[in-house]
Amino acid sequence: MDPVASAEHLFAERYGRRPAGVWSAPGRVNLIGEHTDYNDGFVFPFAIDKRTTVALGDRDDRLIRVASTFSPDVVELHIDELSPDAVSGWAAYPLGVAWALGEFGADLAHVRGVDLHIDSDVPVGAGLSSSAALECAVALALDEHWGLGFDRPTLAKVGRLAENRVVGAPTGIMDQSASLLGEHDAGVFLDCRSLDADVIPLGFAASGLSLLVIDTKVEHAHSTGGYAARRASCEAGARALGVESLRDLHVGDLARAQEVLDDETFRRVRHVVTENQRVLDTVRSLREHGAGSIGPMLDASHVSMRDDFEISVPELDLAVETAQANGAIGARMTGGGFGGAAIALVIDALVPVITKAVGAAFAEHGYRAPAIFTVHASQGARRDA
Ligand code: GAF
């Protein structure tokens, strides 16, 4: 069954009537630009061909009811009771988005309740931002159904606020922007300070290239520990150097930064400053020389995350090194780190070779078998029916 028919069927099975509409939003892969978003820097992610679907039906009262294929629970809440702390678990995402719409000025006092049914093929915990896919699908569905009229950059902020407050993860704007602004076969080059976005053709298929995702199955959570600590280091570094954010520093400022900062903070800062430059270099190289030219930036990004930002894990390093040793054009861990996935840009013919080599290397090290698959850049959030 196609995803739209399936969403309509699941809604009807749960609620006993047809939905009024179906919306969906994709997960994302970040090609390059890691931990730069909350430093007002540059990112270059793309929306992937794995999506979260929301079927929505009207109600006569003011309850929001949410059901999904990932849990037997049906959770309901009165619109007047929406708050970041009202619900926990997966239902906190859709209900957090409804709350966040109100925080951005939506008049929720006069909207009617809705029933939502949610389904998804974005793998959870793989670093492909299943959470942003869920937030953005619900944000767009409620925005259009309730006629709120928010633009997509604002809906991205709504999703981020839900994530920051409901899940407690101090994440940036990248994932929601990719999910809302992505287009077929294109990356989203986003300036996270101005929120100006340029949608740039990737041309992987035309260049005979595939983008492999290697999900290490090492679980990560950005609401705990490392992610927040890295963000705090970046903010401390910016303060010590007297700039509003690390975006305001360039590679030429690093010598002074090294004199002022302790070694660890300096390395965190150096990652962000050089990563911003790598995003700019990647975009320029892609435009001027095509996708086959961006490998060195991807490889350097991984080294920087491994050694300076210290957010890699042995499984991610092994995935990256094995892909590189078997002919990948470039490879790096992607996303927030501490687990999740690596990506490798590879010539089509090498997909089976690299898949096999990475699987064998993981087995040899006694690591859990990774999930390895290709992804394609796809359209962002949309109404499907
Ligand atoms: C996670 C966050 F959600 C993003 O905002 C971003 O900071 C990323 O980690 C690291 O680049 O996906």
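These legends walk through several views of a predicted model of one protein chain with a ligand.

**View 1. The whole chain, with its helices and strands.**
Start with the overall picture: the protein chain has 11 helices and 12 strands. Its radius of gyration is 21 Å, close to the 21 Å that the globule rule gives for 385 residues, so the chain is as compact as a globular protein of that length. Along its principal axes, the C-alpha trace spans about 60 × 50 × 40 Å.

**View 2. Confidence along the chain.**
How sure is the predictor of this model? The mean pLDDT of the protein chain is 96, and 99% of the residues score at least 70. Which helix has the highest confidence in the protein chain? Look for helix α9, residues 295-307, with a mean of 99. Confidence is lowest in strand β4, residues 71-78, where the mean is 94. For the model, ipTM is 0.99 and pTM is 0.97.

**View 3. Two domains and the contact between them.**
The domain assignment splits the protein chain into domain 1 (3-200) and domain 2 (203-375). Taken over C-alpha atoms, the centres of these two domains are 26 Å apart. Domain 1 brings 30 residues to the contact, and domain 2 brings 37. Now zoom in on the side of domain 1 that touches domain 2. Strands β1 (21-32) and β2 (42-58) each supply at least two residues there. The largest share, five residues, comes from β2. What kinds of residues make up this side of domain 1? There are 15 nonpolar, 10 polar and five charged residues.

**View 4. The shell around the ligand.**
Here the ligand takes centre stage, with 13 residues surrounding it. The closest are Glu 34, Thr 171, Gly 172, Met 174 and Gly 336, so these are good ones to find in your viewer. By type, the shell holds two nonpolar, eight polar and three charged residues. Where does the ligand lie relative to the two domains? Both domain 1 (3-200) and domain 2 (203-375) give residues to the shell, so the ligand lies between them.

**View 5. The annotated N-terminal regions.**
Next come two spans named in the UniProt record. The unreviewed entry lists "domain: Galactokinase N-terminal" for residues 10-56. This span is 13% helix and 57% strand, and its end C-alpha atoms lie 11 Å apart. The unreviewed entry also gives "domain: GHMP kinase N-terminal" for residues 94-182. Over residues 94-182, the chain is 56% helix and 8% strand, with 21 Å between the end C-alpha atoms.

**View 6. The annotated C-terminal region.**
To finish, move along to residues 284-346, which the unreviewed UniProt entry annotates as "domain: GHMP kinase C-terminal". How much of this span is helix, and how much is strand? Over residues 284-346, the chain is 49% helix and 17% strand. The end C-alpha atoms of this span are 20 Å apart.

Terms used
Residues are numbered from 1 along each chain as its sequence is written. This is a predicted model: local features need pLDDT of at least 70, side-chain atom pairs count only at pLDDT 80 or more; totals for chains, interfaces and linings use all residues. UniProt positions are given in the numbering used here, feature names are shortened, and annotations may be inferred rather than shown by experiment. Helices (H or I, at least four residues) and strands (E, at least two) are DSSP runs, numbered from the N terminus. pLDDT is the predictor's confidence in each residue, from 0 to 100. Domain bounds come from an automatic or database domain assignment. Two residues are in contact if their C-beta atoms, placed from the backbone, lie within 7 Å. Ala, Val, Leu, Ile, Met, Phe, Trp, Tyr, Cys and Pro count as nonpolar, Asp, Glu, Lys and Arg as charged, and the others, Gly among them, as polar. A residue is near a molecule or strand if its C-beta atom, placed from the backbone, lies within 6 Å of it. The radius of gyration is taken over C-alpha atoms; the globule rule is 2.2 Å times the number of residues to the power 0.38.
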